[in-house]
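Let's walk through the strands, helices and ring pairs of this model together. Please keep the viewer open as you read.

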Amino acid sequence: MRPALSIVNSTVAAESVAVLVQEAYGLSGSCTLHYRGTHDSYRIQHGDTPWFFRIYRSGLRSREEVRYETTVLLHAAMHGSDVAVPVVRLDGAWLTIVGAPEGPRDAVLFTGAPGVAVWGEEATVDHVRAYGRAIARFHQAMANFPARGARTLTEHELLDRPMQWLAPHLAHRAEDQRTLRALVEALRARLGGFLGAAYPRGVCHGDLHGGNAHGDTDGVVTLFDFDECGHGWLAYDLAAFHWMAERAGQLEAWWPSLLDGYESVRPLTPEEHDAMPIFVLARHVWQLGYDAWDNRFNGAARADADISAVMQSLREHAARVSIP
């Protein structure tokens, strides 16, 4: 008899999630698979109110890291930041453990974020400006949060881990491998010099490309999806949006509005302004590595095509900021 096949990432039926959420949280309503990305998110529609049940991918986040994320969100909300917060279970716990073929998966129920994405067809300059204010308010809300925790956004997370993810995909790409290694070492040297008050650090969202925030008609922007949060350079959070706006061909339209909104709450230091191109490059490297890791579940052919496209963009950006 052949041994059982191993499962990398299963998909839980929405009907089963509906039963689980009703039993664990006392929340009934229709349930649909909302988005299958790094993790699986299910939308629970209870009357006019949407809730989102996230099932974390097995093996990516430790339970301590998931708890850190929920703690960050509760602290942010208590200190005036508009974020999608975790919802406590009927038994007083914050985490739900879901049995899956690949092993236990942690899960959390979150409140929804009203409005539309702050970038895209429905977004306006006013949305982007309000988004900047919301990011700054989040950074302010986390000012007194302990620096020690399960997650950081340092050179290891931004450079070393992406290179580990990329390694299997670069074996047949000698030139790209040399280019990336040289770039990463140059970035490491620059990031290592970003010390002291001129380069403020604190809790960052880590993935504020614009799709993880919704703005409503009253100008309120709610941040969500803090899966990449950790302690790091605050300016890096803005660099993630810069990266996306440039990728979408909307940098000139959106970037000034984001900065205007952000600096109306927390002005950047001159050093942060000067360092922004370095943080944007670090975001390029992180995204390249993340996409390679994520394509473990989507196929090597897609990973190879993605690397080809991003490497060209990475070279162009590095040349503009005089990074070898």
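## The three-stranded sheet

T152 has H231 as its bridge partner in β11. This is a predicted model, in which local features need pLDDT of at least 70 and side-chain atom pairs count only at pLDDT 80 or more, while totals for chains, interfaces and linings use all residues. Residues are numbered from 1 along each chain as its sequence is written, and side-chain values use heavy atoms, with hydrogens and water left out. Helices (H or I, at least four residues) and strands (E, at least two) are DSSP runs, numbered from the N terminus.

The bridge just mentioned belongs to an open sheet of three strands, with the order β7-β11-β8 and mixed pairing; two strands pair if DSSP finds at least two bridges between them. The edges are taken by β7 and β8 (201–204), each with a single partner strand, so one side of each has no neighbour in the sheet. Strand β11 (residues 230–233) runs parallel to β7, and two bridges join them. Here L153 stands opposite G232 in β11. On the β8 side, pairing with β11 is antiparallel over four bridges, and V203 has H231 in β11 as its bridge partner.

## The five-stranded sheet

Strands of a sheet pair through backbone hydrogen bonds, either parallel or antiparallel. The second sheet to look at is open and has five strands in the order β1-β2-β3-β5-β4, with antiparallel pairing. At its edges stand β1 (30–36) and β4 (96–98), each with a single partner strand, so one side of each is left without a neighbour in the sheet. From one strand to the next, the twist averages 30°.

Start at β1, which pairs with strand β2 (residues 40–46) in the antiparallel sense over six bridges. These two strands form a hairpin with three residues between them. Within this pair, L33 has Y42 in β2 as its bridge partner, and R36 has D40 in β2. Moving on, β2 and β3 run antiparallel and are joined by seven bridges, with F52 in β3 as the bridge partner of R43. The hairpin of β2 and β3 has two residues between the strands, and G47 takes a positive phi near 65° there.

At the other edge, β4 pairs with strand β5 (residues 105–111) over three bridges in the antiparallel sense. T96 has A107 in β5 as its bridge partner. Helix α2 (residues 63–78) lies across β3 (49–55), β4 and β5, and runs at about 10° to β5.

## Helix α4 against helix α8

Now turn to the helices. Helix α4 (residues 155–166) and helix α8 (residues 270–294) pack with their axes 8 Å apart, at an angle of about 35°. Axes are lines fitted to C-alpha atoms, for helices over the stretch in contact, and angles run from 0 to 180 degrees between N-to-C directions. The crossing of α4 past α8 is left-handed (the near helix is turned anticlockwise from the far one by less than a right angle; clockwise would be right-handed).

On the α4 side, the contact (heavy atoms within 4.5 Å) is made by E157, L158, L159, P162, W165 and L166, which meet A282, V285, W286, L288, G289, Y290, A292 and W293 in α8. These residues divide into twelve nonpolar, one polar and one charged. In this scheme Ala, Val, Leu, Ile, Met, Phe, Trp, Tyr, Cys and Pro count as nonpolar, Asp, Glu, Lys and Arg as charged, and the others, Gly among them, as polar.

## Helix α3 against helix α6

Helix α3 (residues 125–141) and helix α6 (residues 234–247) have axes that come within 10 Å and cross at roughly 155°. The two helices are therefore roughly antiparallel to each other (angles over 145 degrees count as such, under 35 as roughly parallel, 65 to 115 as roughly perpendicular and the rest as oblique). Their crossing is right-handed.

Which residues of α3 meet α6? They are V128, Y131, I135 and H139, and their partners in α6 are L234, D237, L238 and F241. The residues of this contact divide into six nonpolar, one polar and one charged.

## Aromatic pairs

How many aromatic pairs does a search of the whole structure find? It finds eleven. Rings of Phe, Tyr and Trp (its six-membered ring) pair if their centres lie within 6.5 Å; planes under 30 degrees apart count as stacked, over 60 as edge-to-face and the rest as tilted.

Y68 and F145 have ring centres 6.0 Å apart and planes at 75°, so the pair is edge-to-face. This pair links distant parts of the chain, 77 residues apart: Y68 is in helix α2, and F145 is in the loop between α3 and β7 (152–153).
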